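Work through the exercises below with the sequence and the model at hand. Each task is followed by a solution in steps.

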Amino acid sequence: MKIAVLGTGGGAREHTAKLVELGHEVFVGTRDPEATLARTEPDMMGNAPYGQWLADHPGVTLLSFGDAAAAAGEVVINGIDGHNAVAALTGIATSLSGKTLIDYAVPFVYQHEAEHPWPTPWGVMPKLDPCDTDSLGERIQRALPEAKVVKSFVTQEQSTVVNPKAVGDGDHTMFVASDHDDAKRTVTELLQSYGWTDILDLGPLVCSRGMEMYAHMHSAIGFGLGQQFGGHFGVKVVR
Ligand SMILES: NC(=O)c1ccc[n+]([C@@H]2O[C@H](COP(=O)([O-])OP(=O)(O)OC[C@H]3O[C@@H](n4cnc5c(N)ncnc54)[C@H](OP(=O)(O)O)[C@@H]3O)[C@@H](O)[C@H]2O)c1
């Protein structure tokens with residue numbers, strides 16, 4: 001398939017590499033391809049400059065967000081930082097029309113004044129905005145009524161999303177939520193091709209709220225396991 005991955009961050013790189021390995025044609029979106037390739041410093045998460053990563057991953061085409069989305073067939077993955085995703089995606093709405101848009105972003109706000117801050121091994125925990133009564137997944141769907149938004153992948157590090165067998169021999173649960181059943185089926189098939197066997201359909205997109213709010217619990221479990229950041233574990237829904 002022709003698949004677009006919108007984003008050059010650590011999570012997007014995991015999907016890009018895996019999709020190429022699976023034989024897909026992958027178009028990666030970034031704000032400005034030239035500027036992205038000119039970077040020489042690691043990003044804020046410590047990932048190597050994208051040009052360096054790309055040199056080690058032949059077969060990937062780097063384009064603007066809009067051109068990558070337009071080049072995709074049915075499936076587009078959103079790996080744009082959660083705080084900026086709605087604005088960036090709204091600008092390329094036409095190219096996303098009719099497509100399945102898988103959103104794994106977390107609406108984290110990193111700089112904020114908290115009345116009761118949560119100190120972590122790497123600084124104060126970011127806050128979620130929106131939260132409780134709305135979610136990023138729903139905001140993206142409202143901004144792009146012609147796209148079929150599926151919230152998924154978001155409850156794990158993307159390195160274990162693309163390689164579920166890396167923990168517990170793959171015996172853990174992945175979630176999907178969307179108002180579009182056909183798009184959910186497409187995402188379920190993609191997850192199966194990644195190696196997932198336990199994929200729980202949570203129902204409508206409003207369940208993005210639960211998945212996004214789980215981000216804090218994901219961090220807390222990681223701290224408990226002494227992993228600090230980027231925890232390699234999964235959760236299993238036992239029923
Ligand atoms: N990494 C994971 O394993 C993981 C797991 C679960 C959830 N998430 C969530 O998924 C989202 C993406 O994570 P990630 O690690 O793949 O990447 P990230 O480092 O959070 O985001 C990088 C991407 O965001 C874009 N971006 C940043 N500021 C922007 C702005 N002002 N306007 C438009 N685009 C902007 C960057 O564009 P350029 O390419 O132009 O620099 C880049 O493509 C985040 O919300 C993260 O919290 C990540």
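**Exercise 1. Decide whether D132 is buried or exposed, and describe its backbone.**

Step 1. The model is a predicted one. In it, D132 has a relative accessible area of 54%. The cut-off for exposed is over 50%, so D132 counts as exposed.

Step 2. D132 sits in the loop between β9 and α7.

Step 3. The phi angle of D132 is near 65°, a positive value in a residue other than glycine.

Step 4. The loop between β9 (127–128) and α7 (136–143) also contains P130. The peptide bond joining D129 and P130 is cis, with omega about 10°.

**Exercise 2. Carry out the analysis of backbone and accessibility for D169.**

Step 1. D169 is not a glycine, yet its phi is positive, about 50°.

Step 2. Its place is the loop between α8 (158–161) and β11 (173–178).

Step 3. With a relative accessible area of 63%, D169 is exposed.

**Exercise 3. Determine which residues meet the side chain of N78, and whether N78 is buried or exposed.**

Step 1. N78 belongs to strand β4 (residues 75–78).

Step 2. The relative accessibility of N78 is 0%, so the residue counts as buried.

Step 3. A polar atom of the N78 side chain lies 3.0 Å from the backbone nitrogen of I80.

Step 4. The N78 side chain also makes a polar contact with the side chain of D103, at 2.9 Å.

**Exercise 4. Locate T94, classify its accessibility and state how far it lies from G66.**

Step 1. T94 is part of helix α6 (residues 93–96).

Step 2. At 74% relative accessibility, T94 is exposed.

Step 3. In sequence, T94 and G66 are 28 residues apart; in space, their C-alpha atoms are 8.7 Å apart.

**Exercise 5. Describe the salt bridges of R139, D201 and K236, with the accessibility of each partner.**

Step 1. Side chains of opposite charge can pair when their charged atoms come close. The structure holds twelve salt bridges, and three of them are taken up here.

Step 2. R139 pairs with D134, and the closest N and O atoms are 3.2 Å apart. R139 is partly exposed at 35% relative accessibility, whereas D134 is buried at 12%.

Step 3. D201 and K184 form a salt bridge with an N to O distance of 3.0 Å. D201 is in strand β12 (residues 198–203) and K184 in helix α9 (residues 181–194), so this pair ties together parts that are 17 residues apart in sequence. The accessibility is 45% for D201, which counts as partly exposed, and 6% for K184, which counts as buried.

Step 4. K236 and D198 meet at 3.3 Å, N to O. This pair links distant parts of the chain, 38 residues apart: K236 is in the segment after α10 (208–224), and D198 is in strand β12. K236 is partly exposed at 40%, while D198 is buried at 11%.

Step 5. K236 and D198 also belong to a network of salt bridges that includes D171 and R239.

**Exercise 6. Describe the surroundings of the ligand: which residues are closest, and how do the shell residues divide by type?**

Step 1. The ligand is surrounded by 23 residues, of which the closest are T8, T30, R31, Y104 and Q158.

Step 2. By type, the shell consists of eight nonpolar, eleven polar and four charged residues.

Step 3. Helix α1 (residues 10–21) supplies the largest share of the shell, three residues.

Step 4. Backbone N or O atoms approach oxygen atoms of the ligand at several residues. The distance is 3.1 Å for A12, 3.0 Å for V106 and 2.9 Å for Q158.

Step 5. The ligand taken alone exposes 890 Å², and the protein buries 81% of that area.

**Exercise 7. State what UniProt lists for residues 2–106, and give the helix and strand content of this span.**

Step 1. An unreviewed UniProt entry lists residues 2–106 as "domain: Pyrroline-5-carboxylate reductase catalytic N-terminal".

Step 2. In the model, the span is 39% helix and 23% strand.

Step 3. The end C-alpha atoms of residues 2–106 lie 25 Å apart.

Methods: Residues are numbered from 1 along each chain as its sequence is written. This is a predicted model: local features need pLDDT of at least 70, side-chain atom pairs count only at pLDDT 80 or more; totals for chains, interfaces and linings use all residues. Side-chain values use heavy atoms; hydrogens and water are left out. UniProt positions are given in the numbering used here, feature names are shortened, and annotations may be inferred rather than shown by experiment. Helices (H or I, at least four residues) and strands (E, at least two) are DSSP runs, numbered from the N terminus. A residue is near a molecule or strand if one of its heavy atoms lies within 4 Å of it. A polar contact is a pair of N or O atoms within 3.5 Å; within protein, one must be able to donate a hydrogen and the other to accept it, and residues adjacent in sequence count only if both atoms are side-chain atoms. Accessible areas come from the Shrake-Rupley method with a 1.4 Å probe; for residues, only the protein chains shown count as cover. Ala, Val, Leu, Ile, Met, Phe, Trp, Tyr, Cys and Pro count as nonpolar, Asp, Glu, Lys and Arg as charged, and the others, Gly among them, as polar. A salt bridge is a side-chain nitrogen of Lys or Arg within 4 Å of a carboxyl oxygen of Asp or Glu. Buried means under 20% relative accessible area, exposed over 50%, partly exposed in between (1.4 Å probe, protein chains only).
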